[in-house]
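User: Could you take a close look at one part of this predicted model for me? Pick a single strand and walk me through its surroundings.

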Amino acid sequence: MGRRLPAVLAALVAAAGLVTAPPASADPYFDLDRADIPSLQHRMAAGQLTAIALTSAYLARIRALDPKVNAVLALNPSALAQAAASDLRHRTGRIRGPLDGIPVLVKDNVDTRDQNTTAGSRALRSRPAADATLITRLRDAGAVILGKANLSEWANFRAAKPTSGWSGVGGQTHNPYVLDHNPCGSSAGSAAGVAASLAQVAIGSETDGSIVCPAGMTGTVGHKPSLGLVSRHGVVPISAEQDTAGPIARNVVDTAITLSVLQGRDPADPATLRYPSTQPADYAKLLRPGVLRGARIGLWRLPVLGPDTDAVVSNVKASLEKAGATVVEVNLPYQDRLSELEFPALLTEFHRDIDAYLATRPTGPRTLADLVAYNRADPLERTCFAGQELFEQALAAPGPDDPAYRKNRAELTDLARRSLDETLAKYRLDAIASPTNPPAWKTDCAKGDNDVIPSSTPAAVAGYPAVTVPAGSVGPLPVGISFMGGQWADGKMLAIAADYTRVAPVRVPPKFLPALPAR
């Protein structure tokens, strides 16, 4: 599995203590899959590991495995220099926190001043004026920005029938569990990269499902934060009413540590001004065994995802009850109306917000109309899915001051919040659990996605938190379970999710199967 490490790099990795007896499920040279940030920092503090060695190990793994997965769109040429700076801080007792020296992949719709930020589009191949706020927070925390992750182009908001994980700049990202199957989108490269152990943590973004679905389909942990918890300034937008960014990792503790760094008020993002002063500073401290004992969990089954997924959900219910939780089966109200209202609202908001974002770029297209014209002229932008129907519909959509739009958006947000708030109150629930995804479908540019996945919509539209963790699998393909709660209940959802993974440790590393085994 992968090429032999060059001698110098192999020595670095061996000196760092990353070489182990080859586990059956991991790379023969070292096992990054089971490492978490606390254990890595412990080894750094003990002088058994350096940030350079850790970053070099990830870079070597990218070179060996990413040709199969295609999760990494571009490496950061300064990654090793960032790691060296971290090592100096470790040696001189000036460590900036638990992310210091930890390699992080960033979805390529998040602005980075030292690399292109493209949203996957060939029209946007240039550098932004400055870092996104969340990148500034990562740099200030000492994280190593390893590179940019591929994504569904324009965060899956270009074509009526897109193929998740494909972009004009990066090509197609593959699911590490079965390579001819889809990783879901739009944070496809972020989730697939973490699943394949190409980075310790990745940053994704979500408007509706774009963190939790790819995390669920790749057996990783994804956190879609409460709207306003993490600044969106410098993130290529779809809708200021729903967009957010959040972490993806292989375990809940790394997700919690990263969220602690990302969160906070930002004058450039008015939504963060609602960030409550009572929000925890360190989410990892909330992850204690036994949280599920005595908890009440609503279970929204969603049989529309198929009997195989429902069988996984039944196992989830049994695990929750074994951990001491009371499980109440529920149905969330207002879902049909949410599906009617959401898409027209997003069309209006995308036109408004993408024009505002493009105006901040030093070069390149200035308006959505410019993007439409570019796609018509570039045949490479039409090599997987040819259409840009959503762009064209957004151009024709009512403006943000249109009374009908404003009325419908108010109703949409209100119903999404009520669907969760009323259900939580009616059954006295601590959280609502729901299957994040069905097993991945086979990637097919001609057919596009098979993605009728309604479980993400209530939390996404309401601006409430959702955390997905591995729940099981259908054959080799992972299925996730999402825990959703009320506004600002991010810490509680992480704690519940962490305790669930403690009692049901079902995640297994990917084996990079080329296709499903013949039956």
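**Strand 2 and its neighbours**

Analyst: Let's go with strand 2, which is covered on both faces: Pro103, Leu105 and Lys107 are buried on one side, and Val104 and Val106 are buried on the other. That split fits a simple rule: in a regular strand, side chains alternate between the two faces of the sheet. Count along residues 103–107 and you get five of five buried, so strand 2 is largely enclosed by the rest of the structure. Keep in mind that this is a predicted model.

Now for the strands it pairs with. Strand 3 (residues 144–149) runs parallel to strand 2, and five bridges join the two. To get from strand 2 to strand 3, the chain passes through helix 5 (residues 133–140), making a right-handed β-α-β crossover. Strand 6 (residues 201–206) is also parallel to strand 2, this time with three bridges between them.

If you want one residue to centre your view on, try valine 106. Its opposite number in strand 3 is lysine 148, while in strand 6 valine 106 has isoleucine 203 as its bridge partner. Valine 106 is also one of the buried residues of strand 2, sharing its side with Val104.

So what encloses the strand, in short? Strand 2 has parallel bridges to strand 3 and to strand 6, and both of its faces are covered.

Note on methods. Residues are numbered from 1 along each chain as its sequence is written. This is a predicted model: local features need pLDDT of at least 70, side-chain atom pairs count only at pLDDT 80 or more; totals for chains, interfaces and linings use all residues. Side-chain values use heavy atoms; hydrogens and water are left out. Buried means under 20% relative accessible area, exposed over 50%, partly exposed in between (1.4 Å probe, protein chains only). Helices (H or I, at least four residues) and strands (E, at least two) are DSSP runs, numbered from the N terminus. Two strands pair if DSSP finds at least two bridges between them. A crossover is right-handed if, with the strands pointing away from the viewer, the path from the first strand over the helix to the second runs clockwise.
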